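Good morning, colleagues. Please turn to the screen, where the sequence and the model are about to appear.

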Amino acid sequence: MDTKEKIAHLLRRFGLGAGKLEVEKYSKYSLDAAIERLIHYEKIEEPFEVSPWEFVVQQDKKTLALDPYKIAAWWAVRMVLTQRPLQHKLALFWHDHFAVSGAKVDFGPMMLQYLETLLQHANGNFRTLLGAISRNPAMMRWLDNDTNVKKNPNENFSRELLELFTLGIGNYTENDVKEVARAFTGWFIFYTVSPGFAQSIEEQVREAVLQGRSITHFAVNPEAHDNDEKTILGKKANFDGGQVLDILAEHPKTANNITRKLWEWFAYPNPEKHVQEKLERAYFDGKYEIKKVLEAIVETDEFWSSKCVRTKIKSPVDFSIALLRQVDISPLMSFLRKPDATPFTPPNPILVAVGHLLIFSMQIQGMLLLYPPDVGGWEWGHAWIESGAMMERIRTAEHFFGDENDPRLSEFIAGRIKEANPSDVESAVRAILDYYDAALPEDKIRTLVKAAEKAGGLEALSNPKSASKLFRSVCRLLFAAPEFHFV
């Protein structure tokens, strides 16, 4: 692969899609500089000024919809517009790893706090992330650690902490689960809003946000904590929760589990022994810094091999978010705010519409952000392209490009295609494929060209209604092609 091809592969795996515009943007740098820009994204300015609370405000400008769905729509828009694609790709990884669902934690502010925790620590120190997510009110509520007291220890959190979050199944005993649960007794959630107050919940939330106060806090009740000696993984002491997290973060099985999952997220299943050993060394040598593991991944020859390139099935995020990022709809989504705007000022309606379009598109493919099916997260790989999910992906052409009565994004995307100065219908189709990072064999490209000719040809780009018909015709076939569903 040449440098441009490597950057495209890097963006498919470490970004939120490649495509013409994103590849051109990163091709201004050397490969090493592009890697640095993606992994050390905190150095990149992120000018996203839309408050999540703006998605919560209803049409009457007073009522607040405090369900997690609104936060998910806000996150989807952030993914489309972000200058830090890896931050959100990693947050999605940790969302699946430390899975919490709005199905139980049905309070948007708590799920927002959870999401912000993932975004804040996504490429940072694993021990720090582990501590932050363990103390996160949404996680505590999700796994009932807010009801864990010494007289009646609750083992839900301790079991998943050992099995899913750190060591992995088979690397601990049932007694370890019980003893770890004792170490976390006394943890609880302090709510600054309550139905018992004179103000409504909505009024209390609005006031807390405007004053910069957290709506939920982690707290400890010393009276409910078990201070007796505990035996955990063969060690005896009067352990508390923080000390248990120290033990788990430094454990070799945790290093194996976390680095393997990161490799499989960014590369392919079952890393070779020498690759696994390299990643574990990076974990320990880097003092649990995730950046060091990510750098080790891209330093391996295997990451750039034919075994890795375009072999991973797109998730709904890889599919739907990329469709808008690859044509860079940011000019269409101006979010300039009035000088007197507050966090509850309703945003540009296009932002809200796009956010809900994306959430709907991903949901019908099997992924509703902030609503994983269970504590184990989603099933990945071929589960995304089962027959029902594939049919929904094909129908995405209608959702994104609309019809003659509602052409949606077609006018804007037609403008993008015209920027490539297509001389005939074939070059217009190839421009579409170029924007969408689609590598199809020539016979399938000819099929797309015939569909474009039937839908009006090059002249169809001249107005939104005819462009909508052309894009629907071409992209239905494109989305049905197996080759399009690999990154």
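What is the volume of the largest pocket? In this predicted model, the largest pocket has a volume of about 750 Å³. Its lining is made up of 28 residues, and those closest to the centre of the pocket are Asp96, Glu264, Trp265, Trp378 and Trp380. By class, the lining of this pocket comprises 12 nonpolar, 8 polar and 8 charged residues.

Which helices each supply at least two residues of that lining? They are helix 6, covering 85-97, helix 10, covering 156-165, and helix 14, covering 252-266. Helix 14 gives the largest share of the lining, namely 5 residues.

I turn next to the enclosed spaces. The structure holds 2 cavities of 30 Å³ or more. The largest cavity contains about 60 Å³ of space, and the second largest contains about 50 Å³.

The largest cavity is lined by Arg12, Gly17 and Ala18, by Arg310, Lys314, Asp318, Ala322 and Gln326, and by Tyr436, Asp437, Phe486 and Val487. In terms of class, 5 of these lining residues are nonpolar, 2 are polar and 5 are charged.

Around the second largest cavity one finds Lys89, Trp265, Lys312, Ile313, Ser315, Asp318 and Trp380. This lining has 3 nonpolar, 1 polar and 3 charged residues. Two of these names deserve a second look: Trp265 and Trp380 line the second largest cavity, and both are listed among the residues closest to the centre of the largest pocket. Asp318 lines the second largest cavity and is also part of the lining of the largest cavity.

Let us now consider how the helices pack, beginning again with helix 14. The axes of helix 14 and helix 16 come within 11 Å of each other and cross at roughly 50 degrees. Helix 14 is therefore oblique to helix 16. The crossing of this pair is right-handed. On the side of helix 14, the contact is made by Thr259, Leu262, Trp263 and Phe266, while helix 16 contributes Ile290, Val293, Leu294 and Ile297. Of the residues in this contact, 7 are nonpolar, 1 is polar and none is charged.

Helix 16, residues 290-299, also packs against helix 15, residues 273-285, at an angle of about 150 degrees, with the two axes 8 Å apart. Helix 15 is therefore roughly antiparallel to helix 16. Their crossing is right-handed. Lys278, Leu279, Ala282 and Tyr283 of helix 15 meet Lys292, Val293, Ala296, Ile297 and Glu299 of helix 16. This contact has 6 nonpolar residues, no polar ones and 3 charged ones. Val293 and Ile297 of helix 16 thus appear in the contact with helix 15 and in the contact with helix 14.

How are helix 17 and helix 19 oriented, parallel or antiparallel? Helix 17, residues 316-325, packs with helix 19, residues 387-401, at an angle of about 30 degrees, and their axes lie 12 Å apart. Angles under 35 degrees count as roughly parallel, and helix 17 and helix 19 are therefore roughly parallel to each other. The crossing of this pair is right-handed. From helix 17, the contact draws on Pro316, Phe319, Ser320, Leu323 and Leu324, and from helix 19 on Arg393, Thr396 and Phe400. By class, the contact has 5 nonpolar, 2 polar and 1 charged residues.

To close, I return to the opening subject. The largest pocket, of about 750 Å³, takes the largest share of its lining from helix 14, and helix 14 in turn lies oblique to helix 16. Thank you for your attention.

Terms used. Residues are numbered from 1 along each chain as its sequence is written. This is a predicted model: local features need pLDDT of at least 70, side-chain atom pairs count only at pLDDT 80 or more; totals for chains, interfaces and linings use all residues. Side-chain values use heavy atoms; hydrogens and water are left out. On a 1 Å grid over the protein atoms alone, a cavity is a set of points where a 1.4 Å probe fits but cannot get out, and a pocket is an open set with protein on both sides within 12 Å along at least five of seven lines; lining residues have an atom within 4 Å of a point. Grid points are joined across faces, edges and corners, and a volume is the space filled by probe spheres set on the points. Ala, Val, Leu, Ile, Met, Phe, Trp, Tyr, Cys and Pro count as nonpolar, Asp, Glu, Lys and Arg as charged, and the others, Gly among them, as polar. Axes are lines fitted to C-alpha atoms, for helices over the stretch in contact, and angles run from 0 to 180 degrees between N-to-C directions. Helices (H or I, at least four residues) and strands (E, at least two) are DSSP runs, numbered from the N terminus. Angles under 35 degrees count as roughly parallel, over 145 as roughly antiparallel, 65 to 115 as roughly perpendicular and the rest as oblique. A crossing is left-handed if the near helix is turned anticlockwise from the far one by less than a right angle, and right-handed if clockwise. Contact means heavy atoms within 4.5 Å.
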